[in-house]
Amino acid sequence: MGRVKGHGLWKTVPVYFLPVIILICLIGCGKEFGPGETEQVLTPKDENLIVVGVSQVGSESMWRTANTESVQSVFTKENGYFLLFDNARQKQENQIKALRSFISQKVDYIVFSPIMENGWDTVLQEAKEADIPVIIMDRMVNVKDDSLYITRVGSDFDAEGRCAGEWLAEYLKKQERAEEPVNIVVLQGTEGSTSMIGRTEGFNAIAEQYENWNILEQVSADYTTAKGHEVMEGLLMQYDDIDVVVSQNDDMTFGALEAIEEAGLTSGIEGDIIMISFDAVKAALKLVQDGIINVDIECNPVLGEEVEKVISALENGEAVDKTYPIEEKVFTIENVGEFIDDRTY
Ligand code: GZL
Ligand code: ZN
């Protein structure tokens, strides 16, 4: 048998003496450790907690912050849960790493909001083989086998997009502008995300019914204020006759409004540009109330409770639906006053 390579003692001690030395050390430090036994440390399972691994997209918007808050406030120890929470900072590879880590830690449930729809089949197959139920929250996955997830709790983004289109058609009629050409630009959310796809398809389905509506450009601004500002600046330099901005979340809207102001233009009820936004966070509802944003299509971020209801149903062996659509409103200056004070996000 070869000698153990190394410094000091190991250089001189033949390798077959090692087990004797290790045994003496163990007895010497007074703790009797049988093979494989370790000091008893309480784990979440010992405390009968349900271990939930949550992979969140990131913290790109006020909506996302509210969504995270709704998850962290419900999966608490008091409610019988042990929460493992990972913020993927807007990168799919970080979400896949987090899911793999949850699988290796043998969590009881995986909950995640997929940053984009594609690329999940392999890691969800691994979760299925590890017998870990997966609940999709907010956005959706595009997978061949829908047994890879138990259910999805989230909004109907296509309906949100249609809502925006229907509101615009109504508004133009009231303004007696239903016949004239209407030039529209669209600030889209994160490429390939369910909310961006749904809001785009929903709005386009209405827009194609009106041949006087011209969608000049649909550009991704990744749901952030900074990108919304940058993209809107570029569109204002490219087009000098924009009538409508459709911005697929409030954070991009805040950026677009900065760029519109810098260009010496105005938005909203008395403005040069009709501003349509999505999410309906409180800061945006204030701008609806001030007449700066014409309409805000709500997207409810408070999904934690719904997800928790699904998990407790599964724990009780009850069947669950494949989707849990969420109730949402459309806010304009006419109705925002009734709701804005109760808005917690
Ligand atoms: C919608 C969600 C979107 C929000 C954005 O459910 O996916 O992502 O509209 C957020 O604010 O960034
Ligand atoms: Zn600027």
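Thirteen is the count for the shell of ligand 1: 13 residues surround this ligand, and the closest are Glu60, Asp138, Arg139, Arg199 and Asp279. The structure is a predicted model, and the values below are computed from it. Sorted by class, the shell around ligand 1 holds 6 charged residues, together with 4 nonpolar and 3 polar ones. Two helices, H3 (62-72) and H7 (194-207), each contribute at least two residues to this shell.

Polar side chains approach oxygen atoms of ligand 1, and the table lists contacts of this kind.

| Residue | Side-chain atom | Partner | Distance |
|---|---|---|---|
| Arg139 | polar atom | oxygen atom of ligand 1 | 2.7 Å |
| Asn249 | N or O atom | oxygen atom of ligand 1 | 2.9 Å |
| Ser195 | N or O atom | oxygen atom of ligand 1 | 3.1 Å |

Taken on its own, ligand 1 has 310 Å² of accessible area, and the protein covers 100% of it. The space that ligand 1 takes up is, moreover, the largest cavity.

The second site holds a metal. Which residues coordinate the zinc ion (ligand 2)? The donors are His229 through NE2, Glu233 through OE and Glu262 through OE, at 1.8 to 2.0 Å from the zinc ion. Along the sequence, the donor residues of the zinc ion follow the spacing H-x3-E-x28-E. Because His229 belongs to helix H8 (residues 225-238) while Glu262 belongs to helix H9 (residues 250-262), the pair ties together parts that are 33 residues apart in sequence.

In summary, the model presents ligand 1 with 100% of its accessible area covered by the protein, and a zinc ion coordinated by His229, Glu233 and Glu262.

Technical notes:
Residues are numbered from 1 along each chain as its sequence is written. Chains are lettered from A and ligands numbered from 1 in the order in which they are written. This is a predicted model: local features need pLDDT of at least 70, side-chain atom pairs count only at pLDDT 80 or more; totals for chains, interfaces and linings use all residues. Side-chain values use heavy atoms; hydrogens and water are left out. A residue is near a molecule or strand if one of its heavy atoms lies within 4 Å of it. A polar contact is a pair of N or O atoms within 3.5 Å; within protein, one must be able to donate a hydrogen and the other to accept it, and residues adjacent in sequence count only if both atoms are side-chain atoms. Accessible areas come from the Shrake-Rupley method with a 1.4 Å probe; for residues, only the protein chains shown count as cover. On a 1 Å grid over the protein atoms alone, a cavity is a set of points where a 1.4 Å probe fits but cannot get out, and a pocket is an open set with protein on both sides within 12 Å along at least five of seven lines; lining residues have an atom within 4 Å of a point. A molecule sits in a cavity or pocket if more than half of its atoms lie within 2 Å of its grid points. Helices (H or I, at least four residues) and strands (E, at least two) are DSSP runs, numbered from the N terminus. Ala, Val, Leu, Ile, Met, Phe, Trp, Tyr, Cys and Pro count as nonpolar, Asp, Glu, Lys and Arg as charged, and the others, Gly among them, as polar. Donors are N, O and S atoms within 2.8 Å of the metal (3.2 Å for Na, K and Ca); water is not among the atoms, so sites may look incomplete.
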